[in-house]
Amino acid sequence: TRKESSAASDVYKRQLGYSNNENNFKGSALDYSLNLKYKFNNGYILKEKAMFAPYILAGAGVLHTFDIETKYLQAPANLTAFDIPLAIGVTANVKEGVSIFGQVAYHVNFTDKYDAYDQGGNDSYLHYQLGLTFTIAKKDTDKDGVPDDIDQCPNTRPNVKVTETGCDLDTDGDGISDYDDA
């Protein structure tokens, strides 16, 4: 079973702001979204266990701002609007169960009132992320080093070399595993 995409719900709290000659804007934001992620390390484009695993992401959600401060303009104290995040990112697998990721997301919001600066369109912003991901544990019943969720041969014998999919290795392609080949 190959996993090419996944869905996830994200919640972020962050500070938004900018400064220019006409206005200073600063505030807090909560972003709630449901995202679909397409992973390029899906077995078709890159190996599932590739060291570098790029992905793209798209979603829909809500952005809620609060504690808005502006220098000259009057901004609403609290504002909630529809939000569409579009992102690209890469995960670098450091070792089994530990990876580093970086992502850049472009958010389009369906309002022009977040910063109290009307430019005749929708507000948008870039969101940069860098972080660590830890996988607590993946079940591997036959202890062949291939997690059960992708193991195509779940009852491999002990000490048998296996492929990335968990089946006995057959380097000469004769249909008999290397372990049983004489």
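How many disulfides does the structure hold? The structure, a predicted model, holds one disulfide. The legends below begin with the whole chain and then turn to the cysteine pair.

**Figure 1. Overall arrangement of the predicted chain.** The chain contains six strands and zero helices, and its elements follow the order β-β-β-β-β-β along the sequence. Of the 182 residues, 35% are buried. Among contacts between residues at least 6 apart in sequence, 48% join residues at least 24 apart.

**Figure 2. Exposed surface of the chain.** About 11,600 Å² of the chain is exposed. Carbon and sulfur atoms account for 56% of this area.

**Figure 3. The disulfide between Cys-153 and Cys-167.** The sulfur atoms of Cys-153 and Cys-167 lie 1.9 Å apart in the model. Because the torsion about the S-S bond is about 80°, the disulfide is right-handed. Both partners belong to the segment after strand 6, a strand that spans 124–134. Cys-153 and Cys-167 are 14 residues apart. In general, a disulfide is a covalent bond between the sulfur atoms of two cysteines.

**Figure 4. Surroundings of Cys-153.** The relative accessible area of Cys-153 is 27%, and the residue is therefore partly exposed. The sulfur partner of Cys-153 is Cys-167.

**Figure 5. Surroundings of Cys-167.** Cys-167 has a relative accessibility of 18% and therefore counts as buried, the limit for burial being under 20%. The disulfide thus pairs a partly exposed cysteine, Cys-153, with a buried cysteine, Cys-167.

Terms used:
Residues are numbered from 1 along each chain as its sequence is written. This is a predicted model: local features need pLDDT of at least 70, side-chain atom pairs count only at pLDDT 80 or more; totals for chains, interfaces and linings use all residues. Side-chain values use heavy atoms; hydrogens and water are left out. A disulfide is a pair of cysteine sulfur atoms within 2.5 Å. Helices (H or I, at least four residues) and strands (E, at least two) are DSSP runs, numbered from the N terminus. Buried means under 20% relative accessible area, exposed over 50%, partly exposed in between (1.4 Å probe, protein chains only). Contact means heavy atoms within 4.5 Å. Accessible areas come from the Shrake-Rupley method with a 1.4 Å probe; for residues, only the protein chains shown count as cover.
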